[in-house]
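Me: Could you take a close look at the ligand site in this model for me? I'd also like to hear what surrounds it in the rest of the chain.

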Amino acid sequence: MKRKRGQFDFDVAIIGGGSGGFAAARTAAGAGLNTIVVEGGEEVGGLCILRGCMPTKALLYAAEVKHLAEHAKTWGVRAGKVSFDFAKVMARKNAQIKDFADYRVQQLKAGKFKFIRANARFLDAHTVALNSLRGSGRKSAPFNQSRLTSAATISAKNFVIATGSRLAPSPLPLFDDVGFITSDDALTLKRLPKSLIILGGGAVACEFAQFFARFGVKVTLIQRSGHILKEFDTDAGTEIEKVFRREGIQIFTGTKLLDAKRKGKLKTVSFDQSGKTISISAEEILFALGRIPNTATLNLENAGVKTENGRIIANSKMQTSAPHIFAAGDCTGPHEIVHIAIHQGEVAAHNIVNPKLRQTDYRLLISVMFTEPQVAFVGLTEKAAAARGIKFLAASYPFNDHGKSLIMEAKDGFVKLLCDPKPGEILGGSCVGPLGGELIHEVVAAMAKRMTVRELAAMPHYHPTLAEIWTYPAEELAEQIPAKK
Ligand SMILES: Cc1cc2nc3c(=O)[nH]c(=O)nc-3n(C[C@H](O)[C@H](O)[C@H](O)COP(=O)(O)OP(=O)(O)OC[C@H]3O[C@@H](n4cnc5c(N)ncnc54)[C@H](O)[C@@H]3O)c2cc1C
């Protein structure tokens, strides 16, 4: 590229305007760097807003309202026969997503950094080619002025790659012939299928399973590992399996997919479970087995950026194998969730600005699944602590013996605390229960301040609240910790 040595169009170019890219741009521009964000999506907003966190939670909340109305008689309330209008359920979700996306558009257009819409690919370590978007002009009115009409290039001293993830290919090629829907498709359905096979047992699979089941779809969940939610402790997976079965969801765990066929209007999946071949038929198959890093078209080899199975390899400072190029979010992992993408984006931008490099910190890693009961953890699970050889004490308390949850008839689940056996510092917390995703933040705050179980137990908790349930395992553990002299 023709440019004077050391002269670049921008101090930093950020590729991808989702959660990670936006966080990096805000931080870099806030520190006074001449920053550009290049966003190549058909729509602007990123995965979380458009097809991830927000639309799924909007749908799950609708399912929760319906479920509560159907069970109103528990509290002596007559709600009559509960019915629903699926088109309206989807329309409300769509309207909310539009609002969230419009707000993100405003933030990106606020003028703090330059924002253009194009697909970027590296020509060399400091230059990217910008290709105009396919279907130019659709769904993008606010950005027409900044859309590229032909290929162009920009150079930058530093880059942050934040290109997110894309849907993983199907597990067996024959699924492509049989046909299936993905989480993206599930969010735009015009009508509900009568029956649905869900492949996968992670958070996305479980959230969709409960949403569809609560709206009357006959759901079968097929999972390869021995329990659903394998990143959580087994007690969490077991509790959700119990609730799902009670709600009519059929679950098969410890399976190996063998075959898929289509006959008439039905699709059949065959799998092995403990040496037995089982076949399940349904109107549709939802493939929820995950996503892969979105890096294939970036020509990373031209920039000297190394990958492993498509994932950009980055150190704890979010620096790639090319030290002036950083990565953030789902394209690098290892935890594909929003607060981590934001943290990594901020760390990357900070490290471009400051000579004193900052490191990512996953000590307070949070994970939440928004089913009912919700499932959440922060810090260490028992499984993770054991795998890392970390000594801990653990204590749990069930929601079926707690005042506020009994009032709410929310008797499934438990809370669990893990602490260091000597000083009693809290190492992790889990919650399977009502509003678990909210309740877990008490433990996040306690861990952020490196509190001990004794300090948590001594903290005032208003009665009767769900939150006071944390005091029971905290007290139980505090009794086992040697007192300070
Ligand atoms: C169904 C579902 C539910 C989820 N629920 C949750 C949840 O409840 N909580 C949670 O924390 N996480 C959830 N997630 C995960 C979360 O959405 C992601 O971890 C997060 O959005 C990733 O942010 P990101 O910035 O890395 O990527 P993205 O938001 O995907 O942003 C990447 C951007 O890069 C752009 N891009 C890609 N290639 C190029 C290119 N070559 N040039 C220019 N631009 C490019 C894309 O268009 C995109 O806008 C969910 C995911 C799914 C699929």
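Reply: Here is a walk through the ligand site, followed by the nonpolar cores and a few single residues. Keep in mind that this is a predicted model.

Let's start with the ligand. The shell around the ligand has 35 residues, and Gly20, Glu39, Lys57, Asp330 and Val338 come nearest. By type, that shell divides into 14 nonpolar, 15 polar and six charged residues.

Now the polar contacts. Lys57 brings an N or O atom of its side chain to 2.8 Å from an oxygen atom of the ligand. At Cys48, a polar backbone atom is 3.3 Å from a ligand oxygen. A nitrogen atom of the ligand has a polar side-chain atom of Asn119 at 3.5 Å. As for how covered the ligand is, on its own it has 1,000 Å² of accessible area, and the protein covers 90% of that. Two or more shell residues come from each of helix 1 (19–30), strand 2 (35–39), helix 2 (46–50), helix 3, strand 4 (119–124) and helix 9 (338–353).

Helix 3 is a handy link to the next part. The largest nonpolar core counts 41 residues, and the ones that touch the most other members are Ile198, Phe211, Phe212, Val219, Ile240, Leu286 and Val375. Helix 3 (53–70) gives two or more residues to this core, and so do helix 4 (86–109), strand 8 (195–199), helix 7 (203–214), strand 9 (218–222), helix 8 (234–246) and strand 20 (374–379). Helix 7 supplies the largest share, seven residues. As a general point, nonpolar side chains in soluble globular proteins tend to be buried together.

Zoom in on Ile240 and you'll find contacts with Ile228, Leu229, Met369, Thr371, Pro373, Val375 and Val432, leaving out residues up to four places away in sequence. Another core lies apart from this one, with 29 residues, including Ala395, Cys419, Val453 and Leu466.

Glu239 is found in helix 8. Glu239 counts as buried because its relative accessible area is 15%, and the cut-off for buried is under 20%. Its side chain makes a polar contact of 2.9 Å with the side chain of Lys242. Beyond four places in sequence, Glu239 touches Asp412, Gly413, Phe414 and Val432. Val432 is also on the contact list of Ile240.

Thr253 is a loop residue, set between strand 10 (250–252) and strand 11 (255–263). Thr253 has 14% relative accessibility, so it counts as buried too. A polar atom of the Thr253 side chain lies 3.2 Å from the backbone oxygen of Gly226. Gly226 is also one of the residues that Thr253 touches, along with Gln223, Ser225, His227, Ile228, Glu241 and Gln273, again not counting residues up to four places away. Ile228 turns up among the contacts of Ile240 as well.

For contrast, try Lys391, in the loop between helix 10 (382–387) and strand 21 (393–398). Lys391 counts as exposed because its relative accessibility is 68%, and exposed starts at over 50%. Even so, Lys391 touches Cys419, Pro421 and Leu427, with residues up to four places away left out. Lys391 and Cys419 sit 28 residues apart along the chain, and their C-alpha atoms are separated by 8.6 Å. Cys419, you'll recall, belongs to the core of 29 residues.

Notes
Residues numbered from 1 in each chain as written. Predicted model: local features only at pLDDT ≥ 70, side-chain atom pairs only at ≥ 80, totals over all residues. Heavy atoms only, no water. Core = buried A, V, L, I, M, F, W, Y, C linked by side-chain atoms within 4.5 Å. Buried < 20%, exposed > 50% of the residue type's maximum accessible area, 1.4 Å probe, protein only. Helix = DSSP H or I, 4+ residues; strand = E, 2+ residues; numbered from the N terminus. Contact = heavy atoms within 4.5 Å. Near = heavy atom within 4 Å. Polar contact = N/O pair within 3.5 Å; in protein donor to acceptor, adjacent residues only side chain to side chain. Areas by Shrake-Rupley, 256 points an atom, 1.4 Å probe, with all protein chains shown as cover. Nonpolar A, V, L, I, M, F, W, Y, C, P; charged D, E, K, R; others polar.
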